[in-house]
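This report introduces a protein structure to a reader who has not met it before. Please look over the sequence and the model shown below before reading on.

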Amino acid sequence: FTIFNLQDFVKNNVDILICIVSIIYFILEIMFNNFFIKAEQNRINDLIDNSLNSKIADENSVNYYTNDEVKQSVYKLGVNGFENTFFTKNISRKMINKQLPLFVAVILSYLISIFFVEKKTLVIVFQLLLPLYVIKDFVQLNLFKSKVEIIYDYYKKVFTSTKKTDREPIIINNIISYEKLLSSYSIQLDSKIFNKMNDKLSEEWIQLK
């Protein structure tokens with residue numbers, strides 16, 4: 001291929017490439033959402049069983065929660081929910097740090113394209129879907145983390161400055177808010193980061209309790 005033939009090849013096939021990528025992404029998105037919904041339902045069932053001594057889940061986790069010293073009750077539901085929020089807050093922050101270089105690289109590439117690339121090539125650059133998804137996912141992750149931190153602060157208030165008689169409604173509200181947040185954003189926490197940080201965060205959680 002000469003340079004001109006290569007340019008023609010790219011121009012003629014970029015639309016096909018975009019269609020293929022879009023279809024693959026669409027299929028993967030459906031598969032992920034289906035998996036995420038099932039996994040989250042199992043996690044919620046396990047949370048309720050561990051907190052309230054029920055038998056909703058087909059199979060319960062072992063050593064997932066570290067609050068065995070707390071009597072099973074709505075209060076324990078709050079403690080377990082607080083632990084979930086604590087881990088989610090810290091892991092999502094680490095995920096943002098991990099994704100930041102790629103996000104910056106994509107933004108810089110777009111800015112360079114805008115100012116230094118000819119218009120026809122610029123259109124092709126902006127048609128590519130993957131960089132747009134990188135930007136969207138990074139922005140969503142930041143919004144998710146900021147809302148998790150709000151719920152985390154509410155939990156701190158529940159266990160530090162709220163009267164015992166007033167705790168249960170706030171605990172239930174926090175549980176609902178957290179679960180609604182997870183379902184709205186459909187963000188799966190990075191398992192590698194979780195495994196790497198688990199011991200450290202577990203120690204910090206014990207100190208926090």
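## Overall composition

How much area does the protein chain expose, and what share of it do carbon and sulfur atoms supply? The protein chain exposes about 13900 Å², and 63% of this area comes from carbon and sulfur atoms. The structure is a predicted model, and the values in this report are to be read with that in mind.

The secondary structure of the protein chain consists of 6 helices and 0 strands. Read from the N terminus, its elements follow the order α-α-α-α-α-α. The chain has 209 residues, of which 33% are buried. Among contacts with a separation of 6 or more, 72% are between residues 24 or more positions apart.

## A nonpolar patch on the surface

Nine names belong together here: Ile16, Ile20, Ile23, Ile24, Phe26, Ile27, Leu28, Ile30 and Met31 make a nonpolar surface patch of about 900 Å².

One of these residues, Ile27, lies in helix H1, which covers residues 3–52. Ile27 counts as partly exposed because its relative accessibility is 45%, a value between the limits of 20% for buried and 50% for exposed.

## Helix H5 and its two sides

Helix H5 comprises 19 residues, from 167 to 185. At 1.5 Å a residue it should span 27 Å, and its end C-alpha atoms are indeed 27 Å apart, so the expected and modelled spans agree.

Which residues of H5 are buried? They are Arg167, Ile171, Asn174, Ile175, Tyr178, Glu179, Leu181, Leu182 and Tyr185. These buried residues lie on the same side of H5, because they cover an arc of only 155° around the axis. In general, an α-helix has 3.6 residues a turn, so residues three or four places apart point the same way. On the other side of H5, the exposed residues are Pro169, Ile176, Lys180 and Ser184. Ser186 follows H5 and has a positive phi, near 50°.

## Salt bridges

Side chains of opposite charge can pair when their charged atoms come close. How many salt bridges does a search of the whole structure find? The search finds 8 salt bridges.

One of them joins Lys209 to Glu69, with the closest N and O atoms 2.8 Å apart. Lys209 is in the segment after helix H6 (191–208), while Glu69 is in the loop between H1 and helix H2 (74–116); the pair therefore ties together parts that are 140 residues apart in sequence. Lys209 is partly exposed, at 42% relative accessibility, whereas Glu69 counts as exposed, at 57%.

## Further charged pairs

Lys136 forms a salt bridge with Asp137, and the closest N and O atoms of this pair are 3.1 Å apart. Lys136 is partly exposed, with a relative accessible area of 33%, and Asp137 is also partly exposed, at 35% relative accessibility.

In another salt bridge, the side chains of Lys156 and Asp153 meet at 3.8 Å, N to O. Both residues belong to helix H4 (residues 129–158), and because they are 3 residues apart there, about one helical turn separates them. Lys156 counts as partly exposed at 35% relative accessibility, and Asp153 is partly exposed with a relative accessible area of 37%. Finally, a network of salt bridges links Glu40, Arg43 and Glu179. Glu179 is also one of the buried residues of H5.

Key. Residues are numbered from 1 along each chain as its sequence is written. This is a predicted model: local features need pLDDT of at least 70, side-chain atom pairs count only at pLDDT 80 or more; totals for chains, interfaces and linings use all residues. Side-chain values use heavy atoms; hydrogens and water are left out. Patches are made of residues with over 30% relative accessible area and no salt bridge: like charges are joined within 9 Å, nonpolar side chains (Val, Leu, Ile, Met, Phe, Trp, Tyr) within 5 Å. Accessible areas come from the Shrake-Rupley method with a 1.4 Å probe; for residues, only the protein chains shown count as cover. A salt bridge is a side-chain nitrogen of Lys or Arg within 4 Å of a carboxyl oxygen of Asp or Glu. Helices (H or I, at least four residues) and strands (E, at least two) are DSSP runs, numbered from the N terminus. Buried means under 20% relative accessible area, exposed over 50%, partly exposed in between (1.4 Å probe, protein chains only). Contact means heavy atoms within 4.5 Å. The expected span of a helix is 1.5 Å times one less than its number of residues. The arc is that of the directions from the helix axis to the C-beta atoms.
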